[in-house]
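Here is a tour to follow with your viewer open. Keep the selection tool at hand, and we will go from stop to stop.

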Amino acid sequence: MTLLSRLFGVRPAIRHPVHLRRDVEIPAADGVRLLASHYYPVDVDRPPLVLLRSPYGRGNALDQLPKLLAERGYQVLYQSLRGTAGSGGRFDGFTIDPADADGTLSWLRAQPWFGGVLATWGASYLGYTQWELAGREIPEWKIALIQDAPAEFGYRFMYPGGAFALGNALGWVQIVDRMFAGGYSVTRQLLSMITAARRLSEATLALPLNEADLVLTGHRVPWFREWIEHNPDDPYWARMDHRANVARMPPAVHLQGGWDDFFLPGMLADHAALRAAGRRVRLLIGPWGHGRGLYTRHGLRDALAALDAALLGEHPPSGVRLFVTGADRWTELAEWPPPHEPTPWHLHAGGRLSDELAPDGMPPSRYRYDPGDPTPAVGGTAVGLSAGRKDNRRIEARPDVLTFTSDPLPHDIDVIGPVRAHLHARSSIPHVDYFTRLCDVSPRGRSTNLCDGIVRLSEPGDVRTADIELWPLAHRFARGHRIRLQVSSGAHPRFGRNPGTGESLATARDLRPSSHEIFHDPDHPSAIWLPVFSGAS
């Protein structure tokens, strides 16, 4: 019996004995040999098949899911993408060779044990492969279960708001490099793990940035260098953009994300596109970070219910299920976003935040940003254990962070939906970032981050407007709590620091400090817009 079935009580009524065929060879369309593990229940004839395609190897903790599915009466083909875990060819970051899927589907249809009913499942990269799979028509495909993975990689993940997602990019480079180091001795792998945090920190401060991979891994990582050499509008990113494949997704799609996941905005855009394309979509968002929802009772049970229904010819669940933080409860909604009232909370002089417009004559708030001592990030949508909701008071005490805080709330306020900030700002140089973070301040003073966003400006001007899309939210600000907005010009290493010179991201060596003014008067009504929701209870 699998660990997942024991932990979460998802044992089937009949638990099937499972057989495993290792290192099954599958020819890609270009002849490259791919390897896979084939799990199947020995007492079921040609059961539905669940396909998982991964760069993260086989024979590890991820194997719990294939075993669980096979116990429930499904067969599972768990394939390693080219260049990983013994499969031939070269791994190329988030660029997936279409020959892998073309060859796998042709091979699968020729197998006598394939019954013509297919599902796909996977989180993160295993979810991203499903969007790529939809580049061709697959009539056997009944449902896709996608966790923490958007259809498009470059714009929303790698360059949200135009700022480079440095910490997450290098964090993933480190994970993949450690994965490819399987041939190292145990001693060398242990030493690598001990020094990983230090090397990652040093790499995020590398100048020029196109040498960060050398600092981190000791060798060049071609696809990382390509990421920092191509701006988000470059045609280079088209190879990692699978949004056009929405029309070929299966009839049912189960999307699962987390409020603290860096992929969430892209997944919500995909949710809207799937609904517009007539797909039956289930959306579940929980109180967790990247990749953690699958290994929760709510996430696993909801996904299994959708899988069972789709493969048995029934209607899988649809609608939206959300965890409302602050209220600590789940709620069901008909759609995302639900009907809400976008409500401005205005910035005032003296660090106040109010639902009333600021009066005339108020001077701007000021701070200075030095990329040589970049404003750090605490928690949020980061790779690894540092992600999530943390106490932000240490960051808020820095002179390069402004805070604007409301009075204690006289009643609960529920906010569910998209969050935006609109700043009127003047800077001493044209090349600047503006980072905003929404926090919940408890009666005891703890300031907990909820969501944030960034925008990079480069056009010269006097007082410029910075429109910032923060992460979406479902949260209750409880009576007696206060709403707080942070304003700064960085969140390092979550976002790469803006050198302030306008030089290329990859090759910039010089760092230029800058002075900033945030205006808040009737002619410059800087504010954060919260989606106030009246349907929660």
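Is Asp148 buried or exposed? Select it and switch on a surface: Asp148 is buried, with a relative accessible area of 2%. Keep in mind throughout that you are looking at a predicted model.

**Stop 1: two aspartates with positive phi**

Stay on Asp148 for a moment. Its place is in the loop between strand 6 (141-147) and helix 5. Check the backbone there: phi of Asp148 is near 55°, a positive value in a residue other than glycine.

Now select Asp328, in the loop between strand 9 (319-324) and strand 10. Asp328 also has a positive phi, about 55°, although it is not a glycine. As for its surroundings, Asp328 counts as exposed, at 59% relative accessibility.

**Stop 2: two cis peptide bonds**

Next, select Trp336 and Pro337, which are joined by a cis peptide bond with omega of about -10°. Pro337 lies in the loop between strand 10 (329-333) and strand 11 (341-348).

Then go to His492 and Pro493, where another cis peptide bond has omega of about 5°. You will find Pro493 in the loop between strand 19 (482-488) and strand 20 (514-519).

**Stop 3: helix 6 and what covers it**

Select residues 166-180 to bring up helix 6. What distance should you expect between its end C-alpha atoms? At 1.5 Å a residue, the 15 residues of helix 6 should span 21 Å, and the end C-alpha atoms are indeed 21 Å apart, so the two values agree.

Colour the helix by accessibility and it comes out mostly covered, with 11 of its 15 residues buried. Among them are Leu166, Trp172, Val173, Val176 and Asp177. Which elements do the covering? They include helix 4 (125-133), helix 5 (154-158), helix 8 (196-204), helix 9 (212-217) and helix 10 (222-229).

Add helix 10 to the selection. Its buried residues are Trp223, Phe224, Arg225, Trp227 and Ile228, and they pack against helix 5, helix 6 and helix 9.

**Stop 4: a pocket**

Keep helix 10 displayed and add strand 17 (447-457): each supplies at least two residues of the lining of the second largest pocket. That pocket has a volume of about 450 Å³. Of the 21 residues that line it, the closest to its centre are Tyr159, Gly162, Asn231, Arg456 and Leu505, so these make a handy selection for centring the view. For the chemistry of the wall, the lining divides into seven nonpolar, 10 polar and four charged residues.

**Stop 5: the largest cavity**

How many cavities of 30 Å³ or more does the structure hold? There are seven. The largest cavity has about 120 Å³ of space. To frame it, select Leu166, Thr204, Ala206, Leu207, Leu209, Gly496, Arg497, Pro499, Leu505, Ala508, Asp510 and Leu511, which line it. The lining of this cavity divides into eight nonpolar, two polar and two charged residues. Leu166 may look familiar from helix 6, where it is one of the buried residues.

**Stop 6: cysteines without a partner**

A search of the whole structure finds zero disulfides. Select Cys439 to see an example: the nearest cysteine sulfur, that of Cys451, is 8.8 Å away. A disulfide needs the two sulfur atoms within 2.5 Å, and Cys439 is in no disulfide. Both residues are out of reach of the surface view: Cys439 is buried, with a relative accessible area of 0%, and Cys451 counts as buried at 3%.

**Stop 7: two valines to finish**

Select Val463, in the loop between strand 17 and strand 18 (464-477). Val463 counts as partly exposed, at 28% relative accessibility. Leaving aside neighbours within four places in sequence, Val463 is in contact with His424, Ala425, Arg426, Phe519 and His524. Try a distance label too: the C-alpha atoms of Val463 and Glu517 are separated by 8.8 Å, although these residues are 54 residues apart along the chain.

Last, select Val24 in strand 1 (residues 18-27). Val24 is buried, with a relative accessible area of 8%. Not counting residues up to four places away in sequence, Val24 touches Leu34, Leu35, Ala36, His38 and Trp107. Draw one more line, from Val24 to Pro235: their C-alpha atoms are separated by 36 Å, and they are 211 residues apart along the chain.

Note on methods. Residues are numbered from 1 along each chain as its sequence is written. This is a predicted model: local features need pLDDT of at least 70, side-chain atom pairs count only at pLDDT 80 or more; totals for chains, interfaces and linings use all residues. Side-chain values use heavy atoms; hydrogens and water are left out. Helices (H or I, at least four residues) and strands (E, at least two) are DSSP runs, numbered from the N terminus. The expected span of a helix is 1.5 Å times one less than its number of residues. Buried means under 20% relative accessible area, exposed over 50%, partly exposed in between (1.4 Å probe, protein chains only). Contact means heavy atoms within 4.5 Å. On a 1 Å grid over the protein atoms alone, a cavity is a set of points where a 1.4 Å probe fits but cannot get out, and a pocket is an open set with protein on both sides within 12 Å along at least five of seven lines; lining residues have an atom within 4 Å of a point. Grid points are joined across faces, edges and corners, and a volume is the space filled by probe spheres set on the points. Ala, Val, Leu, Ile, Met, Phe, Trp, Tyr, Cys and Pro count as nonpolar, Asp, Glu, Lys and Arg as charged, and the others, Gly among them, as polar.
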